[in-house]
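Here are some short exercises to work through with the model open on your screen. Try each task yourself before reading its solution.

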Amino acid sequence: MAARSGGSGGSGGRGSRRGPGGRGRGSATRRRREARQRAAVVGGVAVLLLVTVSWSAVWPYLLGAAVAAGLGGLVWWLWRTDRILRGGDRVWRQADAVAAGHRTLAEVDAMSGTEFEELVAELCRRDGCTGVRRVGGSHDNGADVLGRLPDGRTMVVQCKRYAPHRTIASREMRDLMGAKVHFGADVAVFVTTSRFSAPSQALAVQHGILAVHRDHLGLWNNGASLPALAGVNGAGQGDREHRARWRNTYGT
């Protein structure tokens with residue numbers, strides 16, 4: 001009985017030693033947390049007192065920083081608004097230019113050769129080409145319109161207002177190739193109200209000539225830019241059904 005009592009007393013002694021130790025660790029944690037809180041409060045009060053005491057010396061700088069930030073925000077807002085308005089203005093001007101210069105293909109077919117050349121020059125100017133002038137005539141050396149593309153490259157343009165059922169022969173494409181060499185142009189453009197024969201279109205693709213046939217002329221006249229037409233150059237002139245509709249509409 002004495003042995004069991006001693007064992008029990010030993011166990012109770014170990015338990016009593018753990019209990020106070022756990023409470024001691026918890027108290028230390030609370031004390032550290034309270035110390036950090038007191039330090040934060042004291043630091044905040046110190047900063048507040050420092051600002052209060054030195055306010056007469058600090059406030060001009062704070063006010064200047066606030067004014068500078070406000071002016072910077074105002075300048076950014078004005079710049080952004082100006083860009084938006086300028087972008088919208090360019091879109092409106094482009095739409096007005098397309099509407100003002102728009103002609104139906106039937107109206108184009110009724111033009112004289114000189115009027116058609118003027119129309120092509122007008123479309124070039126609308127798309128941002130510079131130095132555009134009509135030079136067509138009996139001694140035009142194979143060029144009807146000269147100018148520069150928006151990227152600065154020089155261009156020579158040949159215009160043929162033919163009846164829709166006619167085709168552009170390869171010899172006419174070769175004449176434009178000669179005009180390109182004669183004028184030292186970077187780009188040659190052939191614009192027609194009709195179509196290109198298969199050999200003439202192949203010649204254009206081979207030598208990098210932009211061939212604008214009747215369908216592409218309609219796109220250009222309706223607002224597509226001249227540089228954009230380069231992306232579909234040589235893509236053909238419609239499938240079999242399209243060519244059949246063409247023959248039914250304009251004849252062979």
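**Exercise 1. Take stock of the secondary structure and the burial.**

Step 1. Count the elements: the protein has nine helices and seven strands. Helices (H or I, at least four residues) and strands (E, at least two) are DSSP runs, numbered from the N terminus.

Step 2. Before going further, note that this is a predicted model, in which local features need pLDDT of at least 70 and side-chain atom pairs count only at pLDDT 80 or more, while totals for chains, interfaces and linings use all residues. Residues are numbered from 1 along each chain as its sequence is written, and side-chain values use heavy atoms, with hydrogens and water left out.

Step 3. Of the 252 residues in the protein, 28% are buried (under 20% relative accessible area, with a 1.4 Å probe and protein chains only).

**Exercise 2. Work out the strand order of the open sheet.**

Step 1. Follow the pairing (at least two DSSP bridges between two strands): five strands line up as β1-β2-β3-β5-β7, with mixed pairing.

Step 2. Find the edges: β1 (130-134) and β7 (210-212) each pair on one side only.

Step 3. Zoom in on one pair. Strands β2 (residues 145-148) and β3 (residues 154-160) run antiparallel and are joined by four bridges; here Leu146 stands opposite Val156 in β3.

**Exercise 3. Describe helix α4 and its place on the sheet.**

Step 1. Place the helix: α4 (residues 113-126) lies across β1, β2, β3 and β5 (187-192), at about 175 degrees to β1. Axes are lines fitted to C-alpha atoms, for helices over the stretch in contact (heavy atoms within 4.5 Å), and angles run from 0 to 180 degrees between N-to-C directions.

Step 2. List what α4 hides: its buried residues include Phe116, Leu119, Val120 and Leu123.

Step 3. Look just past the helix: Gly128 follows α4 and has a positive phi, near 90 degrees.

**Exercise 4. Which residues touch the most other members of the largest nonpolar core?**

Step 1. Set the rule: a nonpolar core is a set of buried Ala, Val, Leu, Ile, Met, Phe, Trp, Tyr and Cys residues joined through side-chain atoms within 4.5 Å.

Step 2. Apply the rule: among the 24 residues of this core, Met155, Val191, Trp220 and Leu226 touch the most other members.

Step 3. Trace the sources: α4 gives the most to this core, with six residues.

Step 4. Check Trp220: its contacts include Val120, Leu123, Val191 and Leu226, leaving aside residues up to four places away in sequence.

Methods
Buried means under 20% relative accessible area, exposed over 50%, partly exposed in between (1.4 Å probe, protein chains only).
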